[in-house]
Amino acid sequence: MARFHDLTVTDIQKTIRDAVVVTLQPVNRAATEFDFTQGQYLTFRRDFDGEELRRSYSICAGKDEGILQVGIKRVDGGAFSTWANEELKVGDTVEAMAPMGKFFTPLDPSQGKNYLGFAGGSGITPVLSILKTTLAREPQSTFTLVYANKGVNTIMFREELDDLKNIYMGRLNVIHILESDAQEIDLFTGLVSEEKCAQLFKHWIDIQHVDTAFICGPEPMMLGIAKALKDHGLDEGQIKFELFASGQQGRAKQRAASRGAAGGQVTTKITLDGATQTVKMSKDVSILDAALENTMDAPYACKAGVCSTCRCKVLEGEVEMLTNHALEDYEVEKGYVLSCQSYAVTDTVVVDYDQ
């Protein structure tokens, strides 16, 4: 089970006015815990006025760069992102879980594939890690990136992307879509919508030969892009998602129909780190909250059904999962759920965080 480790901040760089790239070094012999896969994220925790906050930020470094970096864009009213942008300094120690996430595909140096990436704003961070690693490790593959921002001054990693185009000339193509800044080509101005994707596929992107597409950004943008990709021949297995947790409003409210008619008390057995604890809980309390209320150190980050940090497996009984933006269909079929979004339906439930 993932646990928090100390990391030392070794460098902080501004990429745009309200975003920083933080370089981290694991301490206390935890380096092997942070051997990430391109596209994964780190979950950080910090106390603010006595309240523990957990936030997840994607790794932006490539696998072969030999460094661990995350990009943190300041969010209005965001305690953690504001602190990271304004107060965090070199030499500080932060706490983070080992890398998690499945926003990637296996790479093979012998294969030549065509990859397509869509990123909105700070959604570039995991996509940047993916494209850098892919282009370095699959010398016969190509990558096209469609990067949406409000304007030129909000483009994270703009100079780095320009450098990468020169390094991988002919293999990396970057298309900037700007919401407010006019460009020479009208198609490159505005929002990345389903209709705009159709035009891009018609004139700029050879969608018929795309093997895998990655999408990271706000949910409305992602849904439109995904539909356009499917309409142009890609299937579910060729499309990889990473949704912004910041756009979520916490866990969804449970439907009244799912609650037990009489009392709603449930006996739940929860296995975590090899130990099993039996707890009594109400049917209107999530599996995750029940574990936390009983002093179990269950893993979580967003509590919005987005990041999959709180994944567990239902071994007995039945639960209702209200929101799922993280698990694949095959995982759900095998009994895996997001415990922050899962509520007991039967009177007895057995779950395991260790599987």
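**Group meeting: two sheets, two helix pairs and a salt bridge**

Hi everyone, let me start with one contact: R3 and D273 form a salt bridge, with their closest N and O atoms 2.6 Å apart. By salt bridge I mean a side-chain nitrogen of Lys or Arg within 4 Å of a carboxyl oxygen of Asp or Glu. The pair links distant parts of the chain, since R3 sits in the segment before β1 (4-16) and D273 in the loop between β12 and β13, 270 residues apart. By this rule the structure has 19 salt bridges.

Before going on, a word on the ground rules. This is a predicted model, where local features need pLDDT of at least 70 and side-chain atom pairs count only at pLDDT 80 or more, while totals for chains, interfaces and linings use all residues. Residues are numbered from 1 along each chain as its sequence is written, and side-chain values use heavy atoms, with hydrogens and water left out. Helices (H or I, at least four residues) and strands (E, at least two) are DSSP runs, numbered from the N terminus.

D273 brings us to a hairpin. Strands β12 and β13 have two residues between them, and D273 there takes a positive phi near 55°. Strand β12 (residues 265-272) pairs with β13 in the antiparallel sense over eight bridges; two strands count as paired if DSSP finds at least two bridges between them. One of the partnerships is K269 with T278 in β13.

Which order do the strands of this sheet take? It is an open sheet of five strands, β13-β12-β18-β14-β16, with mixed pairing. β13 (275-282) and β16 (336-338) stand at the edges with a single partner strand each, so one side of each is left without a neighbour in the sheet. Neighbouring strands are turned by 35° against each other on average, direction ignored. At the β16 end, three bridges join that strand to β14 (residues 311-316), running antiparallel, and K313 has Y336 as its bridge partner.

Now the other sheet, which takes us back to β1. It is open too, with six strands in the order β4-β3-β6-β1-β2-β5 and antiparallel pairing. The edge strands are β4 (51-58) and β5 (68-73), each pairing on one side only. The twist averages 40° from one strand to the next. Eight bridges join β1 to β2 (residues 19-26), including the one between Q13 and V21. Helix α1 (residues 79-86) lies across β1, β2, β3 (41-48), β4, β5 and β6 (93-97), at about 95° to β3.

Let's finish with helix pairs. Axes are lines fitted to C-alpha atoms, for helices over the stretch in contact, with angles from 0 to 180 degrees between N-to-C directions; contact means heavy atoms within 4.5 Å.

Helix α2 (residues 124-137) and helix α3 (residues 158-167) pack at about 20°, with axes 12 Å apart. That makes α2 roughly parallel to α3, the label for angles under 35 degrees, with over 145 as roughly antiparallel, 65 to 115 as roughly perpendicular and the rest as oblique. In the contact, L128, L131 and K132 of α2 meet E160, L161 and L164 of α3.

What about α4 and α5? The axes of helix α4 (residues 194-203) and helix α5 (residues 219-231) come within 8 Å and cross at roughly 40°. That makes α4 oblique to α5. E194, C197 and F201 in α4 meet residues of α5, among them G224, I225 and K227.

Thanks, everyone!
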